[in-house]
Amino acid sequence: MSYLDNGSTLRAMFRLMPPMRHDADPTRSEVVAYIRENLRCELGRAIRAFDSMRHIKSAVLIYDRIHRQWRGCDWVPAEEVDKISLLMSVVTELKRDISSLRSELRKVKNEMVSLRRRKGGRKDEEDPEPEQQQAAPKTEAAIREDYLKYWNNINESLYPEEKVSSPSTPPQSLASDSTDPTECPWENAEDEVS
């Protein structure tokens with residue numbers, strides 16, 4: 001908020017400013033001349049005050065796109081018909097802004113959907129699940145257990161019909177009493193050659 005020498009603010013002083021045209025050349029600008037007269041200051045200070053008041057955050061001076069003029073934020077025409085037309089133009093301008101924002105939002109939504117589709121196809125390859133990323137370190141027992149599960153899965157996939165026997169029992173082909181054919185073809189081949 002910019003305080004003037006008399007203690008008032010720029011907003012209090014220029015909120016009811018009537019519509020005026022602005023020119024790139026400050027000496028021909030009606031707005032800068034009006035500010036300069038009311039503040040009783042030099043041209044440079046009037047330009048700085050205008051730049052400060054037209055900034056979107058302060059919004060003391062509002063630009064009317066239809067008439068291409070600057071006016072105070074609280075200014076309304078004196079006649080009732082003009083007030084209605086001003087309000088209608090403001091409403092129309094707001095509707096335009098809303099429709100442009102909706103179209104931008106629609107574009108962003110479509111981009112998000114297309115990114116999700118692309119990411120969905122590569123989810124297993126690139127991005128591990130968040131649970132895997134933030135998993136706590138495993139203990140040695142858990143690592144051994146995972147290792148055994150891994151090797152058991154490999155054995156089951158390589159030898160689906162055979163069951164892995166426990167190390168305490170000898171394999172069937174080495175039993176001395178057995179007359180059954182062995183499971184390995186090369187062990188049977190010795191018997192046939194002799």
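## A hairpin, a helix pair and a pocket

β1 and β2 form a hairpin with 4 residues between them, and Arg 68 in the turn has a positive phi of about 55°. This model is predicted, and the exercises below start from that hairpin.

**Exercise 1.** Work out how many bridges join β1 to β2, and which residues of β2 stand opposite Leu 61 and Tyr 63.

*Solution.*
- Begin with the strands: β1 covers residues 61-64, and β2 covers residues 69-72.
- Next, look at the pairing: 4 bridges join the two strands, which run antiparallel.
- Now go residue by residue: Leu 61 stands opposite Gly 72, while Tyr 63 faces Trp 70 across the pair.

**Exercise 2.** Find how helices α2 and α3 are oriented to each other.

*Solution.*
- Locate the helices: α2 spans residues 30-39 and α3 spans residues 43-54.
- Take the geometry: their axes lie 9 Å apart and the packing angle is about 110°.
- Compare with the cut-off: angles of 65 to 115 degrees count as roughly perpendicular.
- The two helices are therefore roughly perpendicular to each other.
- To finish, add the handedness: α2 passes α3 in a right-handed crossing.

**Exercise 3.** Describe the second largest pocket by its volume and its lining.

*Solution.*
- Start with the volume, which is about 250 Å³.
- List some lining residues: among them are Arg 54, His 55, Leu 61, Tyr 63, Trp 70 and Glu 93.
- Sort the lining by class: 6 residues are nonpolar, 1 is polar and 3 are charged.
- Last, return to the hairpin: strand β1 gives the largest share of this lining, with 3 residues.

Note on methods:
Residues are numbered from 1 along each chain as its sequence is written. This is a predicted model: local features need pLDDT of at least 70, side-chain atom pairs count only at pLDDT 80 or more; totals for chains, interfaces and linings use all residues. Side-chain values use heavy atoms; hydrogens and water are left out. On a 1 Å grid over the protein atoms alone, a cavity is a set of points where a 1.4 Å probe fits but cannot get out, and a pocket is an open set with protein on both sides within 12 Å along at least five of seven lines; lining residues have an atom within 4 Å of a point. Grid points are joined across faces, edges and corners, and a volume is the space filled by probe spheres set on the points. Ala, Val, Leu, Ile, Met, Phe, Trp, Tyr, Cys and Pro count as nonpolar, Asp, Glu, Lys and Arg as charged, and the others, Gly among them, as polar. Two strands pair if DSSP finds at least two bridges between them. Axes are lines fitted to C-alpha atoms, for helices over the stretch in contact, and angles run from 0 to 180 degrees between N-to-C directions. Angles under 35 degrees count as roughly parallel, over 145 as roughly antiparallel, 65 to 115 as roughly perpendicular and the rest as oblique. A crossing is left-handed if the near helix is turned anticlockwise from the far one by less than a right angle, and right-handed if clockwise.
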